[in-house]
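Me: I am new to this structure and should be grateful for a close look at a single part of it. Please begin with the surroundings and then describe the chosen part in a connected manner.

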Amino acid sequence: MVNINTTMLWQLLNFFVLMFLLKRYLYSPVKEILDKRADQINSDLDEAEETRKEAEEIKAEYEQKLKNAHNEAQKIVDKAESRANKKAKDIINNAEEKADNLKAKKLEEIEQAKKEAAAELRDDIADYTVQAANKLIQEQLDENKHQQMIMNFIDQLDKEKLGELQ
Amino acid sequence: MNPGPQILFYLFGKDYLPITDTLIVGWVSVIIILIGAKYLTTSLTLRPNGKQNVAEFIIEIIYKQIEPMLPGEGWRFLPFIATIFIYIGVGNLIGVVPGVTNPTGDLNTTLGLALVVFVVTQYEGMREYGVWGYIKGFAEPVIFLLPINIIGELAKPISHSFRLFGNIVGGGIIITLIYQAAPALIPVPLHAWFGIFVGAIQALIFGMVAIAYISVAKS
């Protein structure tokens with residue numbers, strides 16, 4: 001029942017042949033595929049991490065760009081606003097100036113007209129006064145001398161500002 | 001009744017190279033294992049399918065037994081230890097088939113494997129500490145423990161081999177006795193018990209003890 005013989009060598013041969021063949025057909029291929037999978041998972045994870053970082057960078061970049069665009073837009077709006085304000089002010093100033101000019105011109109014209117009217121009135125008054133004087137005193141005076149006398153009288157009135165025609 | 005290996009015929013004439021039934025079953029086991037391994041590892045892919053999962057499960061579960069005991073050297077020892085697990089496991093379980101003798105029920109098989117483990121253990125110990133350093137380890141912690149340590153070391157392959165051999169042969173003897181004494185109904189669960197449960201447990205123990213011996217020699 002218990003005897004040790006050459007079967008031991010045969011069994012050892014069995015064992016070593018089995019070990020050799022299993023290493024070749026089972027252990028090595030399985031280890032290889034396990035390593036490969038581990039590598040693949042590692043590299044996939046690394047890649048994912050890298051992609052995430054890249055995405056974050058791009059996101060930050062775009063956010064910055066968006067911010068810049070906002071700022072620029074704000075600047076443009078501000079500039080346009082200030083320009084518009086300036087233009088409006090200019091227009092108002094121009095209009096005011098024009099209005100002032102026009103007013104001054106019209107005043108001058110009125111003044112002129114007033115002067116002319118006063119002169120005319122003065123002449124007319126002189127004529128009427130001469131005629132009235134003629135009628136009133138019925139004196140035979142030389143008309144030219146008479147005219148002169150009245151003109152003097154009126155001038156004196158002007159000097160004393162009694163007529164208030166100027 | 002004559003338990004144990006039966007010599008079926010002699011290769012090269014009378015009395016030379018006896019071929020026993022255990023040896024033939026051993027060859028059959030090897031062929032079954034190789035066919036199984038080849039079947040499980042055809043078309044390995046990164047995304048495993050059913051049979052590839054089985055192959056990876058077997059390798060990984062054995063690897064996980066080795067790695068904690070021999071840190072960093074799991075893959076170096078895997079072919080040796082995994083072959084012990086698989087060969088003894090199949091050798092034990094094949095006895096469930098009625099009329100088939102376990103190759104592990106032959107002391108030649110178990111002692112042979114235990115001696116290989118013994119040699120590997122000594123080699124690993126010397127590789128770790130140097131030849132002289134390893135031998136000096138037997139004289140520690142005090143010199144007069146040297147003979148006891150040496151006897152203890154030499155007892156390892158004997159206990160290692162006889163444990164497996166005794167369990168398998170003992171199971172076989174009990175089953176044979178009950179087959180003779182009782183009707184066919186009772187031995188079937190008992191046969192399954194000794195064949196499957198004890199067989200699996202003993203294969204696990206043999207492999208774990210081999211790992212433990214190597215681990216002890218290296219520490």
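The part to be examined is helix H2 of chain B, together with what lies around it.

Reply: The model is a predicted one. The predictor assigns the complex an ipTM of 0.85 and a pTM of 0.70. For chain B the mean pLDDT is 86, with 93% of its residues reaching 70 or more.

The setting comes first. Chain B contains seven helices and two strands, and from the N terminus its elements follow the order β-β-α-α-α-α-α-α-α. Its C-alpha trace spans about 60 × 50 × 40 Å along the principal axes. Of the 219 residues in chain B, 36% are buried. Among contacts in chain B with a separation of 6 or more, 63% join residues 24 or more positions apart.

The approach to H2(B) is a loop, which lies between helix H1 (21–40) and helix H2 (50–69) of chain B and includes Ser43(B). Although Ser43(B) is not a glycine, it has a positive phi of about 55°. Most residues other than glycine have a negative phi. Ser43(B) counts as exposed, because it has 7 C-beta neighbours inside 10 Å, and the limit for an exposed residue is 12 or fewer.

H2(B) itself has 20 residues, which at 1.5 Å a residue should span 28 Å; the end C-alpha atoms are 30 Å apart, in agreement with that expectation. Its buried residues are Gln52(B), Ala55(B), Glu56(B), Ile59(B), Ile62(B), Tyr63(B) and Ile66(B).

Two of these buried residues, Ile62(B) and Ile66(B), lead on to H3(B), for both are touched by Ile81(B). Leaving aside residues up to four places away in sequence, Ile81(B) also touches Gly207(B), Ala210(B) and Ile211(B). Ile81(B) and Ile84(B) are the residues with the most contacts inside the largest nonpolar core, which has 45 residues. Elements giving two or more residues to this core include H2(B), and helix H1 (7–137) of chain A is also among them. From chain B, H1, helix H3 (74–93), helix H4 (107–129), helix H6 (146–181) and helix H7 (187–218) likewise give two or more. H3(B) supplies the largest share of the core, eleven residues.

The region also meets the other chain. In all, 37 residues of chain B are in contact with 29 residues of chain A. On the side of chain B that touches chain A, H2 is one of the elements giving two or more residues, along with strand S2 (18–20), H1, H3 and H4. The largest share of that side, nine residues, comes from H1(B). By class, the side comprises 25 nonpolar, nine polar and three charged residues.

The records add some context. An unreviewed UniProt entry annotates "transmembrane region" at residues 21–40, 77–100, 131–152, 164–186 and 192–216 of chain B. In the model, residues 77–100 of chain B are 71% helix and 0% strand, with end C-alpha atoms 31 Å apart. Residues 192–216 of chain B are 100% helix and 0% strand, with end C-alpha atoms 35 Å apart. For chain A, an unreviewed UniProt entry places a "coiled-coil region" at residues 31–127; over that span the chain is 100% helix and 0% strand, and its end C-alpha atoms are 141 Å apart.

In summary, H2(B) gives residues both to the largest nonpolar core and to the side of chain B that touches chain A.

Methods:
Residues are numbered from 1 along each chain as its sequence is written. Chains are lettered from A and ligands numbered from 1 in the order in which they are written. This is a predicted model: local features need pLDDT of at least 70, side-chain atom pairs count only at pLDDT 80 or more; totals for chains, interfaces and linings use all residues. Helices (H or I, at least four residues) and strands (E, at least two) are DSSP runs, numbered from the N terminus. A residue is buried if 20 or more other C-beta atoms lie within 10 Å of its own, exposed if 12 or fewer, and partly exposed in between; C-beta atoms are placed from the backbone. A nonpolar core is a set of buried Ala, Val, Leu, Ile, Met, Phe, Trp, Tyr and Cys residues joined through C-beta atoms within 7 Å. Two residues are in contact if their C-beta atoms, placed from the backbone, lie within 7 Å. UniProt positions are given in the numbering used here, feature names are shortened, and annotations may be inferred rather than shown by experiment. The expected span of a helix is 1.5 Å times one less than its number of residues. Ala, Val, Leu, Ile, Met, Phe, Trp, Tyr, Cys and Pro count as nonpolar, Asp, Glu, Lys and Arg as charged, and the others, Gly among them, as polar. pLDDT is the predictor's confidence in each residue, from 0 to 100.
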